[in-house]
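Please open the model in your viewer and keep a selection panel at hand. The tour below goes from the ligand outward.

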Amino acid sequence: PGLATYDPGFVNTASCRSSVTYIDGDAGILEYRGYPIEQLAESSTFLEVAYLLLQGELPNASELEAWTHEITYHTFVHENLKTLLQGFRYDAHPMGMLMAAVSALSTFYPEANDVKDADNRDLQIARLIAKMPTIGAFAFRHGKGQPYVYPDNELSYVENFLAMLFKMSERKYVADERLVKALDVLFILHADHEQNCSANAVRSVGSSQVDPYSALASGIGALYGPLHGGANEQVLKMLRRIGTTDNIGDFIEGVKGGKEKLMGFGHRVYKNYDPRAKIIKKAADDVFEVTGVNPLLKIALELEKIALEDEYFVKRKLYPNVDFYSGLIYEALSFPPEMFTVLFAIGRTPGWLAQWKELTTDSEQKIARPKQIYTGHRTRDFVPMAQR
Ligand code: CMC
């Protein structure tokens, strides 16, 4: 009684009002606070974009300096968080470790519970953006059995992340500028995407007014799934399994027969093309110039070409999405597939937080509590054990 609509997967339900990100899926448009993603990828930096998403406007020079300083000086994590990470099995998935570590942060900063205090909110936001790369890098080195490398606050956000991942001696780590730029662009492309599955998870959990660490941990859980951020890891595994271009025909037939999905294809919103995938192709060229071409690229290009001409994919408006090429770049940058979604999560953190902040300051927002259509039994009498 009183049920308005049945909309599994929220295909046609707006759960909030938001001024953070605009998408026109038919036209292939993505804008953060009104700025086209193409221009931001070309001219901005990840920390500047994070500021834009969170504050609503681009920073001036002194605002950007203060913001960068704020993020830089929150990069360290409590030693006991390191101990927590060290307790994981050697083969623990880094997304599982990230999810656990971020939720554990709520116990290190119990004052984060006060979500109505603006200064307190901003402090937790800075901590989260700053600490995500540190936790991600610790999880990566844990899997390799290597000692964790502490943050170097003289480096930029991306350089510091690369140093924590790949530094192998006492000498200062120097990353290739072109690789730093490519990773920065990838973080920008992933920074927000309006009401995707993980943002919806952050909003839904955040609507209970829990602290932002707990809310973001739920977002990380949602992102981990293969239909969402986990797709980038699955694309690489799929390309490896296909192995050579000769096997693409059989693989496509399998997809059309419903055996499996073509990972990295399709999108709930983009039914023409994913503007991020276009920019990523360019970033891939820049990276391959430094690292040499990833041999799987040939299979990916051929797979894309065949799929884009095939009636099955054309009819369903399935195009490459952001995850189709990002994995090839990450692999060329020496990341193992299980780290790919961690990179997505680091990039997405400002978007999750911008939406969480918007939610906590929105007087119209209520606790998320959808309706259901009940399909079970109605009232019946309890049956004693002997009579069942
Ligand atoms: N391969 C083969 N068939 C597909 C694919 C695919 N990748 N994606 C959708 N379809 C088919 C689907 O089987 C359905 O066919 P039919 O009408 O015959 O039943 C039709 O296309 C419509 O698909 P849908 O599942 O109703 O679409 P959706 O909007 O619910 O799902 C999606 C969107 C992204 C979950 C889906 O396209 C998918 O699973 N893609 C593969 C995973 C992937 O690449 N995910 C990354 C998404 S982009 C970034 C992110 O969120 O992380």
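How many nonpolar, polar and charged residues are in the shell around the ligand? By class, that shell has 10 nonpolar, 6 polar and 4 charged residues, where Ala, Val, Leu, Ile, Met, Phe, Trp, Tyr, Cys and Pro count as nonpolar, Asp, Glu, Lys and Arg as charged, and the others, Gly among them, as polar. This is a predicted model, in which local features need pLDDT of at least 70 and side-chain atom pairs count only at pLDDT 80 or more, while totals for chains, interfaces and linings use all residues. Residues are numbered from 1 along each chain as its sequence is written, and side-chain values use heavy atoms, with hydrogens and water left out.

Select the ligand and the 20 residues around it (a heavy atom within 4 Å); H228, K261, L262, G264 and R268 come nearest.

Next, show the side chains that make polar contacts with the ligand (pairs of N or O atoms within 3.5 Å). A polar side-chain atom of R268 lies 2.8 Å from a ligand oxygen, one of Y312 lies 3.0 Å from a ligand nitrogen, and an N or O atom in the side chain of D323 is 3.1 Å from a ligand oxygen. Of the 930 Å² that the ligand exposes when taken alone, the protein buries 71%, with accessible areas from the Shrake-Rupley method and a 1.4 Å probe.

Finally, colour the secondary-structure elements β1 (21–24), α9 (197–206), α15 (311–315), α16 (322–332) and α17 (340–360), each of which supplies at least two residues to the lining of the largest pocket; helices (H or I, at least four residues) and strands (E, at least two) are DSSP runs, numbered from the N terminus.

Definitions and conventions
A polar contact is a pair of N or O atoms within 3.5 Å; within protein, one must be able to donate a hydrogen and the other to accept it, and residues adjacent in sequence count only if both atoms are side-chain atoms.
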